[in-house]
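Visitor: Got a minute? I'd like to walk through this one with you.
Guide: Sure. Let's put it on screen.

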Amino acid sequence: MSLNVAREKATVAFVVNGERESAMGHRARALAARLRGRYRIRLSYRVGGRLAALARIFAALRRERPSIVYVFDMAYSGVLAAWAYRAFAGAPFVVETGDAIYELMRSTGNRGRVGLWLTRRFEQFSLRAADRVVVRGHFHQRMLAGSGRAAELIQDGVDTRDFAPSPPNGLRKRYALEGVLTVGLVGSSVWSEKLGMCYGWELVELLRLLRGAPVKGVFIGDGTGLAHLRARCREYGIEDRVLFLGRVPYKQLPGYLGMIDVCLSTQTNDTVGRVRTTGKLPLYLAAGRYVLASDVGEASRVLAPEMLVPYEGVVDEKYPQKLAARIEAILARPETLARASEHVAVAKKHFDYSTLAARVARVVDDVLAERGGHG
């Protein structure tokens with residue numbers, strides 16, 4: 001579908017439930033860049049507390065007078081501002097979500113009973129109130145369909161030009177990673193007291209099991225879980241085997257991905273994991289990285305069987321052992337890593353923002369048509 005048509009441009013407000021440099025901020029700008037020939041795009045980000053952010057977003061919507069509001073991520077400020085603006089001006093709104101948020105909060109235990117009740121009611125309200133719901137995973141789409149709520153599918157994305165495989169840039173030498181197999185991941189690590197785990201736990205446990213092998217770990221990102229991961233490294237005596245780089249600016253991320261031989265993409269095998277989107281997976285694929293992923297969700301659809309690792313339940317204590325066996329196989333046959341070059345084509349086919357932008361345009365046009373081309 002052509003994104004350039006000869007007609008009056010509708011004004012579309014992209015409301016991001018996150019800061020400018022959040023993952024959703026990058027997603028919204030990437031899609032906006034490809035849709036500006038078709039619409040007048042106006043971007044708003046969540047800044048400050050919930051009420052203050054809600055007021056700012058609503059004020060921006062009243063000022064810009066969009067024909068439709070597209071909300072990235074299901075959170076109070078953006079959704080309620082879009083809902084209030086529809087009541088005020090009659091403009092429809094779309095909600096895009098990558099999580100079953102009630103199940104996620106219930107699983108991690110990061111909210112109390114009242115917080116969980118409010119989360120459940122808010123999620124139900126958002127799904128009912130939105131003129132259209134967009135999800136980023138196939139399982140989530142099927143799950144909502146089973147409860148009677150149709151949803152469009154627009155996966156997580158990547159700019160395959162920006163994240164194209166990069167040549168050696170000296171980073172491996174700078175961080176003393178020459179001559180070893182590097183295993184790593186990118187993301188925010190939030191500690192769950194209830195589960196006793198956080199994002200990146202499997203990397204530390206893997207390095208404990210392979211302490212005698214020429215393997216080092218790389219963690220790119222921040223979050224409350226890092227202190228726990230570092231403490232566990234000290235407990236295991238592998239502090240020199242795992243490199244914690246902190247947050248890396250998005251524009252520099254492709255170069256840093258180039259220093260990781262094997263990227264880990266792990267989701268729990270429950271509703272949360274099967275629904276939860278794999279935002280980093282498209283980046284790994286576009287960068288031509290070899291991936292070892294739990295056999296859950298979107299990864300199961302796009303990766304070769306030898307890159308999928310069975311995962312049981314919420315906390316699979318045997319998962320690090322399964323990963324270790326795969327890493328040992330790669331050490332025995334390093335030519336296996338050459339399969340990663342095939343991932344660039346996979347990223348372009350399934351996750352490139354140019355393809356996803358066309359789907360966003362279809363959703364926007366369909367909703368506007370249903371509402372009689374409001375605005």
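Visitor: Which residues is Y76 in contact with, leaving aside its neighbours within four places in sequence?
Guide: This is a predicted model, so keep that in mind. In it, Y76 touches R50, A81, L118, T119 and F122.

Visitor: Is Y76 buried or exposed?
Guide: Buried. Its relative accessibility is 19%, and the cut-off for buried is under 20%.

Visitor: Which helix does Y76 lie in?
Guide: Helix α3, which covers residues 76–89.

Visitor: And how far apart are the C-alpha atoms of Y76 and L245?
Guide: They are separated by 32 Å. Along the chain, the two residues are 169 places apart.

Visitor: You listed L118 as a contact of Y76. Which nonpolar surface patch does L118 help form?
Guide: The one it makes with V114 and W117. Together the three have about 320 Å² of accessible area.

Visitor: What about V114, buried or exposed?
Guide: Exposed, with 61% relative accessibility. V114 sits in helix α5, residues 113–129.

Visitor: Switching to cysteines. How many disulfides does a search of the whole structure find?
Guide: Zero.

Visitor: Why is C233 not bonded to C198?
Guide: Because the sulfurs are too far apart for a bond. The cysteine sulfur closest to that of C233 belongs to C198, and it is 10 Å away. A disulfide needs the pair within 2.5 Å.

Visitor: And C263, what is its nearest cysteine sulfur?
Guide: That of C233, at 18 Å. C263 is in no disulfide either.

Visitor: Are C233 and C263 buried or exposed?
Guide: C233 is buried, at 1% relative accessible area. C263 is buried as well, at 0%.

Visitor: Now the sheet. What order do the six strands come in?
Guide: β9-β8-β7-β10-β11-β12. The sheet is open, and the pairing is parallel.

Visitor: Which strands are at the edges?
Guide: β9 (242–246) and β12 (308–309). Each of them pairs on one side only.

Visitor: How many bridges link β10 and β11?
Guide: Four, in the parallel sense. Strand β10 runs over residues 262–265, and strand β11 over residues 290–294.

Visitor: Which residue in β11 is the bridge partner of V262?
Guide: Y290.

How values were computed. Residues are numbered from 1 along each chain as its sequence is written. This is a predicted model: local features need pLDDT of at least 70, side-chain atom pairs count only at pLDDT 80 or more; totals for chains, interfaces and linings use all residues. Side-chain values use heavy atoms; hydrogens and water are left out. Helices (H or I, at least four residues) and strands (E, at least two) are DSSP runs, numbered from the N terminus. Buried means under 20% relative accessible area, exposed over 50%, partly exposed in between (1.4 Å probe, protein chains only). Contact means heavy atoms within 4.5 Å. Patches are made of residues with over 30% relative accessible area and no salt bridge: like charges are joined within 9 Å, nonpolar side chains (Val, Leu, Ile, Met, Phe, Trp, Tyr) within 5 Å. Accessible areas come from the Shrake-Rupley method with a 1.4 Å probe; for residues, only the protein chains shown count as cover. A salt bridge is a side-chain nitrogen of Lys or Arg within 4 Å of a carboxyl oxygen of Asp or Glu. Two strands pair if DSSP finds at least two bridges between them.
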